[in-house]
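Biologist: I'm new to this one and would love a friendly tour. Could we look at it together?

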Amino acid sequence: MMRFLLLFSRQGRLRLQKWFTPMCEREKKKIVRDMTTMVLARPPRTCNFLQWKDLKIIYKRYASLYFCMGVENQENELLALEIIHRYVELLDQYFGNVCELDIIFNFEKAYFILDEFLMGGEVQETSKQTVNRCIEASDMLQEDDSSEWYEVELFG
């Protein structure tokens with residue numbers, strides 16, 4: 001089972017965090033600090049798997065963002081790497097070549113996509129098409145709600 005998923009920049013700025021097990025804020029901050037320093041200190045052409053305490057840390061760099069996942073020791077590293085890659089593919093399909101600014105300015109959509117894909121530290125839906133349909137349906141609902149609010153504001 002996954003314990004956490006972190007997205008951070010090359011400068012170590014946290015852009016997105018998802019915790020799948022309950023932890024206190026102090027512990028979360030320590031994990032984020034440890035992960036950013038460990039991953040950013042590694043040379044570019046080294047293995048993407050680390051052992052840290054009782055967890056396996058799997059990370060991958062895409063453009064200026066690092067996607068870092070902590071999983072239990074019995075989990076498959078390659079499967080975790082594939083989950084990271086699938087999440088990046090889903091973000092790419094939605095944003096069209098996702099970048100750090102897309103995550104910063106549309107963090108709620110990045111969390112929504114993640115929640116459609118993962119639930120409770122496990123993969124909820126493997127099909128990119130199904131996840132994309134859910135995202136499109138949500139966008140349509142939001143558009144309908146915003147147009148209703150506009151009509152209420154306009155016509156009082």
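Modeller: Gladly! Keep in mind that this is a predicted model. Let's start at F105, whose relative accessible area is 59%.

Biologist: Is F105 buried or exposed?

Modeller: The cut-off for exposed is over 50% relative accessible area. F105 has 59%, so F105 counts as exposed.

Biologist: Which residues form a nonpolar patch on the surface?

Modeller: F105, which lies in helix α3 (residues 100–105), is one of them. Together the patch residues have about 300 Å² of accessible area. The members are L101, I104 and F105.

Biologist: Now the rings, please! How many residues apart are F8 and Y66?

Modeller: A search of the whole structure finds six aromatic pairs. One of them is F8 with Y66, stacked at 5.6 Å centre to centre with 20° between the planes. F8 belongs to strand β1 (residues 2–9) and Y66 to strand β5 (residues 65–72), so this pair links distant parts of the chain. Along the chain, the two are 58 residues apart.

Biologist: And how are the rings of Y94 and F95 arranged?

Modeller: Their centres are 5.0 Å apart. Planes over 60 degrees apart count as edge-to-face. Here the planes stand at 85°, so the pair is edge-to-face.

Biologist: Which of those two partners is buried, Y94 or F95?

Modeller: Buried means under 20% relative accessible area. Y94 has 31%, so Y94 is partly exposed. With 17%, the buried partner is F95.

Biologist: Last one: which ring does K60 lie over?

Modeller: K60 is 5.8 Å from the ring centre in question. The ring whose face K60 lies over belongs to Y62.

Technical notes: Residues are numbered from 1 along each chain as its sequence is written. This is a predicted model: local features need pLDDT of at least 70, side-chain atom pairs count only at pLDDT 80 or more; totals for chains, interfaces and linings use all residues. Side-chain values use heavy atoms; hydrogens and water are left out. Patches are made of residues with over 30% relative accessible area and no salt bridge: like charges are joined within 9 Å, nonpolar side chains (Val, Leu, Ile, Met, Phe, Trp, Tyr) within 5 Å. Accessible areas come from the Shrake-Rupley method with a 1.4 Å probe; for residues, only the protein chains shown count as cover. A salt bridge is a side-chain nitrogen of Lys or Arg within 4 Å of a carboxyl oxygen of Asp or Glu. Helices (H or I, at least four residues) and strands (E, at least two) are DSSP runs, numbered from the N terminus. Buried means under 20% relative accessible area, exposed over 50%, partly exposed in between (1.4 Å probe, protein chains only). Rings of Phe, Tyr and Trp (its six-membered ring) pair if their centres lie within 6.5 Å; planes under 30 degrees apart count as stacked, over 60 as edge-to-face and the rest as tilted. A charge sits over a ring if NZ of Lys or CZ of Arg is within 6 Å of the ring centre and within 35 degrees of the ring normal.
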